[in-house]
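Visitor: I would like a close look at one part of this protein. Please keep it simple, since I am new to this.

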Amino acid sequence: MLHIDNLSATVADKPILKGLSLTVNAGEIHAIMGPNGAGKSTLAYTLGGRPGYDVTGGTATLDGQDILALAPHERAAAGLFLGFQYPVEIPGVSFVQFLRESANAQRKSRGEAPLSGGEFLKLAREKAGLLRMDMDMLKRPVNVGFSGGEKKRAEMVQMGILDPSLAVLDETDSGLDIDALRIVGEGINAIMRKPDKAVLLITHYQRLLDYVKPDFVHVLAGGRIVKSGGPELAHQLEEHGYEAVAA
Ligand SMILES: Nc1ncnc2c1ncn2[C@@H]1O[C@H](COP(=O)(O)OP(=O)(O)O)[C@@H](O)[C@H]1O
Ligand SMILES: [Mg+2]
């Protein structure tokens with residue numbers, strides 16, 4: 001599925017990723033943990049192709065395809081979904097409009113016919129239901145006035161509609177209360193825990209991993225993966241901290 005080999009990247013000409021290697025196979029959920037400033041968001045943005053994040057070495061392929069050579073929308077069409085630490089607000093555009101446009105743009109670049117209004121609404125209702133999101137909520141402008149938890153749930157509705165093969169979720173648990181955490185965790189499982197999909201879950205805390213159980217846990221520090229293990233590694237980190245466990 002995803003093969004990252006010796007990836008180096010700069011942000012505003014500052015080296016941040018320094019030879020990061022990671023393989024994620026279909027059917028697997030990987031958690032990435034690590035101290036603030038380690039380069040976790042930089043990894044997500046570099047995979048997503050955000051401007052200003054420049055690859056200076058190494059490779060990243062998704063199902064054998066060199067994703068680093070693709071424009072951001074082409075990466076999405078190739079099956080990559082990026083969940084943001086801070087979802088953006090888009091005044092003047094309703095969430096349903098936004099979801100339908102993004103779903104149909106993706107279908108177009110895959111050479112598929114656009115969804116009809118009815119087909120789209122059926123799909124949106126189903127995915128909103130998974131995230132316990134009221135359709136009335138999705139008629140409002142994108143994220144405007146949404147609470148932190150609502151933004152993340154709405155983002156997971158978007159993920160459900162886009163149906164990616166690989167989701168990279170950056171601190172999806174930040175700003176969630178206990179109920180929202182469970183709803184989002186169950187939503188991620190319902191949408192992504194499938195034999196032909198994979199998830200890269202960036203998080204600071206064990207609490208999300210209680211719902212979305214990782215197969216592998218990695219510590220990212222200083223721009224590379226410095227330690228990998230199973231789910232027990234997340235517990236060790238929570239108990240003893242990064243310095244003690246990954247020094
Ligand atoms: N736009 C930017 N300009 C300069 N430095 C940046 C920028 N964005 C991130 N950085 C720096 O890159 C490093 C890694 O940041 P980030 O990937 O956000 O870390 P993490 O998500 O692991 O907390 C930090 O030292 C941060 O200050
Ligand atoms: Mg970050």
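Which residues in α5 meet which residues in α6?

Guide: Start with a caution: this is a predicted model. Now to the contact. On the α5 side, the residues are G149, K152, R153, M156, M159 and G160. On the α6 side, they meet A180, I183, V184, I188, I191 and M192. Sort these contact residues by class. Eight are nonpolar, two are polar and two are charged.

Next, look at how the two helices lie. Helix α5 covers residues 148-162, and helix α6 covers residues 178-192. Their axes are 10 Å apart, and the packing angle is about 10°. Angles under 35 degrees count as roughly parallel. The two helices, α5 and α6, are therefore roughly parallel to each other.

Helix α5 has other neighbours too. It lies across two strands, β6 and β9. Strand β9 spans residues 166-170. Against β6, the helix α5 runs at about 175°.

Those two strands belong to an open sheet. Six strands make up this sheet, and their pairing is mixed. Read across it in order: β6, β9, β10, β3, β11, β12. Strand β6 (80-83) is at one edge and strand β12 (224-229) is at the other. Each of these two has a single partner strand, so one side of each is left without a neighbour in the sheet. From one strand to the next, the twist averages 20°.

Pick out one pair inside this sheet. Strand β3 takes in residues 29-33, and strand β11 takes in residues 216-221. They pair in the parallel sense, over four bridges. One residue pair to find is A31 with its bridge partner in β11, V217.

Now come back to α5, and look for open space. The largest pocket holds about 730 Å³. Its lining has 28 residues. Closest to the pocket centre are A76, F81, L82, F84 and Q158. Several elements supply at least two lining residues each: α1 (40-48), α2 (72-77), β6, α3 (95-109) and α5. So both α5 and the edge strand β6 turn up again here. The largest share is from α3, with six residues. By class, the lining has 16 nonpolar, eight polar and four charged residues.

One of those pocket elements, α1, leads to another sheet. This open sheet has four strands, in the order β2-β1-β4-β5, and the pairing is antiparallel. Strands β2 (14-24) and β5 stand at its edges. Each has a single partner strand, so one side of each lacks a neighbour in the sheet. Helix α1 packs on this sheet and touches β1, β2 and β4. The direction of α1 makes about 105° with that of β1.

Walk through the pairs of this sheet. Eight bridges hold β1 and β2 in the antiparallel sense. There, L2 stands opposite V24 in β2. Strand β1 (residues 2-11) also runs antiparallel to β4 (residues 53-62), again with eight bridges. Here A9 faces V55 in β4. Last comes β5 (residues 65-66), joined to β4 by two bridges, also antiparallel. In this pair, T61 has D66 of β5 as its bridge partner. Together β4 and β5 form a hairpin, with two residues between them. In the turn, D63 has a positive phi of about 50°.

Conventions. Residues numbered from 1 in each chain as written. Chains lettered and ligands numbered in written order. Predicted model: local features only at pLDDT ≥ 70, side-chain atom pairs only at ≥ 80, totals over all residues. Heavy atoms only, no water. Pairing = 2+ DSSP bridges. Axes fitted to C-alpha atoms, helices over the stretch in contact; angles between N-to-C directions. Contact = heavy atoms within 4.5 Å. 1 Å grid on protein atoms, 1.4 Å probe; cavity = no way out; pocket = protein on both sides within 12 Å on 5 of 7 lines; lining within 4 Å. Points joined across faces, edges and corners; volume = space filled by probe spheres on them. Nonpolar A, V, L, I, M, F, W, Y, C, P; charged D, E, K, R; others polar. Parallel < 35°, antiparallel > 145°, perpendicular 65-115°, else oblique.
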